[in-house]
Amino acid sequence: MSGPEDVLADRAISMLREFLRTEDPALEVSDLDAAGYPRGELLTLASPSLFGESRLIRVSGVEHASDDFLLDALGYLEQTASDTTLVLRHRGGVRGKKLLDAIRAGTGGGVEIVCAELKKDAEKQDFVHDEFRAAGRRITPGALRDLVGAFSDDLAELAAACRQLLADAPGDIDERTVARYYGGRVETTAFAVADAAIAGRHGAALVALRHALESGADPVPIVGAFAAKVRQMAKVAGAPRGGSGQLASSLGMAPWQVDRARRDLAGWDDEGLGRAIEALAAADAAVKGAERDPVFALERLIAVIASRGRVRSASTR
């Protein structure tokens, strides 16, 4: 399972697990972290058991795999175990390229499932449409656009919103249904502004800000969204290397939040994070009455964040 889109990869792995369980209800499932892998563990888990159960071995973090794992995995492909399915999760990068190339060549019966990031709204609309069609439900075009617009920056939250509507809202899903459940989610538009700025898309962040303000968003929760994102980035930046699952519990975050913070940190350094935190403190005071123009304070904050802290606002000099 290659590519950065965790929602698609998790779903594919879950579907595979359920299929294997229909074939053998006694399926034995094991999980490995490729980054902290000790030599020989894969071969031990894949070795035939006394009772001959089928096995599913799920390996996370292959993009950070240890040398021992890469050696064992390449060796395993040369002589795979019967009744064992090995799933490797690789989110991207050059680490493990030899292993990926071997799987792509079909060594050991390997198959690659690409879980590419859904970047365009049209792709996300197709995703939502397929969610409802698979459940035998209908969503109107307007409701589909509104739902994607509300969760455009996080496919995991979009998928969760689909599940909630399918579970809680009877009948066809229209614009009124989406508005009833999610129309008041000011924090969603706030996070859209923050996500665009953190990614370095200054213009897109300003457009999102205007849209949020015109939709009735208050400047205070917008600054709060920035603060939440930057806090998570700072936590992850200062944490030791390790799997997202291991770090999540120690940092008080969900694993997907750790993964998202790692992606958000691309292009940032410690000095930039420090300046961003200073800019946030100034913006927080400004939107709570310290300055006359809270919108200007937000625009100033976006300029600092979109530059990854390389531009300093007047308030932080």
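Is Tyr37 buried or exposed? That is where I would like to begin, and I should say at once that what we are looking at is a predicted model. In this model Tyr37 has a relative accessibility of 5%, and because the cut-off for burial is under 20%, Tyr37 counts as buried.

Tyr37 also has an aromatic partner, and the pair it makes with Phe69 is edge-to-face, with 5.2 Å from centre to centre and 80 degrees between the planes. The structure holds one aromatic pair, and this is it. As for where the two residues sit, Tyr37 belongs to the loop that runs between strand 1, residues 28-33, and helix 2, residues 41-46, whereas Phe69 belongs to helix 3, residues 67-78, so the pair ties together parts of the chain that lie 32 residues apart in sequence. Phe69 is buried as well, its relative accessible area being 0%.

Let me turn now to the sheet. It is an open sheet of three strands, arranged in the order 1-2-3, and the pairing is parallel. Strand 1 and strand 3, the latter covering residues 84-88, stand at the edges with a single partner strand each, and therefore one side of each has no neighbour in the sheet. From one strand to the next, the twist averages 15 degrees.

If we look at one of these pairings in detail, strand 2, residues 55-60, runs parallel to strand 3, and the two are joined over five bridges. For a particular position to find on the screen, take Val59, whose bridge partner in strand 3 is Leu88.

Technical notes:
Residues numbered from 1 in each chain as written. Predicted model: local features only at pLDDT ≥ 70, side-chain atom pairs only at ≥ 80, totals over all residues. Heavy atoms only, no water. Phe/Tyr/Trp six-rings, centres within 6.5 Å; stacked < 30°, edge-to-face > 60°. Helix = DSSP H or I, 4+ residues; strand = E, 2+ residues; numbered from the N terminus. Buried < 20%, exposed > 50% of the residue type's maximum accessible area, 1.4 Å probe, protein only. Pairing = 2+ DSSP bridges. Axes fitted to C-alpha atoms, helices over the stretch in contact; angles between N-to-C directions.
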